Amino acid sequence: MRIRKYYFAVFTSAVLIATGSVTAHAQAPTDPQIAGIVQTANQIDINQAKLALKRTSNPQVKEFANQMISDHTNLEKSVNDLAKKLGVTPEDSPTSKQLKQQAAEETKKLTSLHGEAFDKEYASHEVAFHQAVIEAAKTTLIPNAKNAELKSALEGAAPLLQGHLEHAQQLEQTLGSK
Amino acid sequence: MIACHDLAFHSGHRYRCKVRRIMLRAAAVALLSAMCWAQDARPGGTNHVIVIKRLQFNPPQTTVKPGDTVEWKNDDIFSHTVTAENGSFDSGLIDPGHSWQMRFTDTRAVAYHCRPHPNMKGTLIVQGVENAAQGNGAMLKWSPPRTPQEFHPILVNFTAALLPLAFLSDVLGRIFRRHSFHHAAWWMALYAAVITPLTAAAGWWWKLNGGSDLPAKLITVHQWLGTASVGLFVILAIWRWRIQKRDGAPSISYLTFAAIVVLALVYQGSLGGRMAFGN
């Protein structure tokens with residue numbers, strides 16, 4: 001539980017500070033930056049799920065990782081299609097850079113772990129990651145999206161992220177009880 | 001048959017012929033009944049379509065009756081499952097653009113969710129139960145059985161009653177040294193052997209016709225134990241017939257075998273009950 005809180009704090013701080021919601025002077029993210037943040041978050045989760053598939057032998061973790069790859073690939077495709085339709089080119093931003101940096105550190109940590117330790121770390125990370133992304137979408141990305149379709153798409157993705165969070169929490173609980 | 005008439009003066013042989021004739025008639029009646037039921041069996045029921053879109057089951061609550069077909073159509077961009085909270089069915093992943101359907105056989109409301117997205121929830125409400133709760137007596141109205149879901153529980157009553165009673169009657173016959181108990185036991189063993197294949201056939205019909213929503217492990221054990229029981233009942237009836245032919249009391253080995261079959265039947269019944277009423 002303590003580990004999960006720690007990750008949640010780290011990820012939430014990273015997303016919120018970088019998106020400028022807690023720094024009065026920073027600018028709110030633009031629509032291309034929002035599209036870039038969503039794209040980055042999707043890519044991070046897909047890459048970490050691919051890593052999990054390589055390293056785990058737990059069928060539940062595999063099932064979860066396969067689901068993350070499938071769902072986030074479909075989400076990424078729909079975001080890209082929407083960006084193309086709206087003429088928005090996803091841009092890098094302090095948030096997306098910070099997310100990438102955090103993900104690189106997490107990947108390094110996950111790579112050093114094996115067996116049950118890996119599974120538990122991956123599940124905890126997924127819980128914290130989805131909590132942070134839901135929080136960021138609610139407090140920063142959705143309120144700052146200018147385009148109505150982009151805003152609606154972000155709102156539409158919220159139940160998906162919530163579903164992933166609940167699934168990750170179930171997985172974490174199952175692994176924790178072993 | 002000619003041989004039987006020629007040897008009619010021989011009372012033992014006449015008795016055997018009579019029994020053979022009765023068994024043949026019973027088998028013919030059973031076969032004809034099975035054929036009539038098969039002809040009468042109509043798929044029936046209403047089709048309900050539940051659309052999965054934007055991570056929601058639409059409508060989230062659907063009112064169905066046992067025997068209705070429910071189809072889940074995935075119009076979302078993500079794969080989903082339809083998983084019963086009580087474990088009675090699980091669709092597996094339904095990919096975007098695909099559907100999954102099942103014949104609803106439960107008699108109680110079933111809540112379900114999507115396994116990969118546990119926040120997606122839905123409920124199947126049973127119309128008959130709802131109506132009964134409203135006090136209109138819809139469930140008390142008699143209608144002839146047409147589906148295996150109706151035939152199997154009806155037939156199972158006969159199987160479940162006849163064999164234990166046959167065993168009990170033989171035990172009482174031995175205790176009180178009364179032949180009438182043994183005669184009753186023989187007839188009950190015969191009826192059980194005739195009716196049990198029909199019970200098993202109705203069970204298989206249920207399994208093959210919309211039984212995918214039944215709990216997988218339970219149904220596998222139940223279906224094979226039921227099928228094996230048919231063979232055991234026939235063996236038991238033949239054994240009992242040979243004892244009856246000698247007009248004697250059943251041996252301890254027969255009674256032991258009968259007791260084992262009765263115990264298997266009790267376990268089989270408990271599995272059936274678990275599937276019908278839950279734990």
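Helices (H or I, at least four residues) and strands (E, at least two) are taken here as DSSP runs, numbered from the N terminus. The structure is a predicted model, in which local features need pLDDT of at least 70 and side-chain atom pairs count only at pLDDT 80 or more, whereas totals for chains, interfaces and linings use all residues. Residues are numbered from 1 along each chain as its sequence is written, and chains are lettered from A and ligands numbered from 1 in the order in which they are written.

The predictor assigns the complex an ipTM of 0.80 together with a pTM of 0.55. For chain B the mean pLDDT, the predictor's confidence in each residue on a scale from 0 to 100, is 80, and 76% of the residues of this chain reach 70 or more. Among the elements of chain B, the highest mean pLDDT (94) belongs to strand 4 (residues 69-74) and the lowest (43) to helix 1 (residues 2-6). Residues 33-42 of chain B stay under 50 in pLDDT, and the model has 7 contacts for them beyond four places in sequence, a contact being a pair of residues whose C-beta atoms, placed from the backbone, lie within 7 Å. Residues 130-135 of chain B likewise stay under 50, with 7 contacts beyond four places in sequence. Where pLDDT is low, the predicted coordinates should not be read in detail.

The contact between the chains draws 13 residues from chain A and 10 residues from chain B. On the side of chain A that touches chain B, helix 3 (59-86) and helix 6 (148-176) of chain A each supply at least two residues, and helix 6 of chain A gives the most, with 8 residues. By class, this side of chain A comprises 2 nonpolar, 9 polar and 2 charged residues, where Ala, Val, Leu, Ile, Met, Phe, Trp, Tyr, Cys and Pro count as nonpolar, Asp, Glu, Lys and Arg as charged, and the others, Gly among them, as polar.

The largest nonpolar core, defined as a set of buried Ala, Val, Leu, Ile, Met, Phe, Trp, Tyr and Cys residues joined through C-beta atoms within 7 Å, has 58 residues, and those with the most contacts inside it are A:Ile34, A:Val133, A:Leu141 and A:Leu154. Helix 5 (residues 115-144) of chain A provides the largest share of this core, 11 residues. Another core, of 28 residues, lies apart from it and includes B:Val156, B:Ala193, B:Ala202 and B:Val261.

In chain B, 4 strands form an open sheet of mixed pairing in the order 3-8-7-5, two strands being paired if DSSP finds at least two bridges between them. Strand 3 (61-64) and strand 5 (83-84) of chain B stand at the edges with a single partner strand each, so one side of each is left without a neighbour in the sheet. Strand 7 (residues 110-113) and strand 8 (residues 121-126) of chain B pair in the antiparallel sense over 4 bridges, and B:Tyr112 has B:Gly122 in strand 8 as its bridge partner. Strands 5 and 7 of chain B also run antiparallel, joined by 2 bridges, with B:Thr83 opposite B:His113 in strand 7.

B:Phe158 lies in helix 4 (residues 148-176) of chain B. This residue is partly exposed, with 16 other C-beta atoms within 10 Å; a residue is buried if 20 or more such atoms lie within that distance of its own, exposed if 12 or fewer, and partly exposed in between, with C-beta atoms placed from the backbone. The C-alpha atoms of B:Phe158 and B:Thr196, 38 residues apart along the chain, are separated by 8.1 Å.

Technical notes
Contact = placed C-beta atoms within 7 Å.
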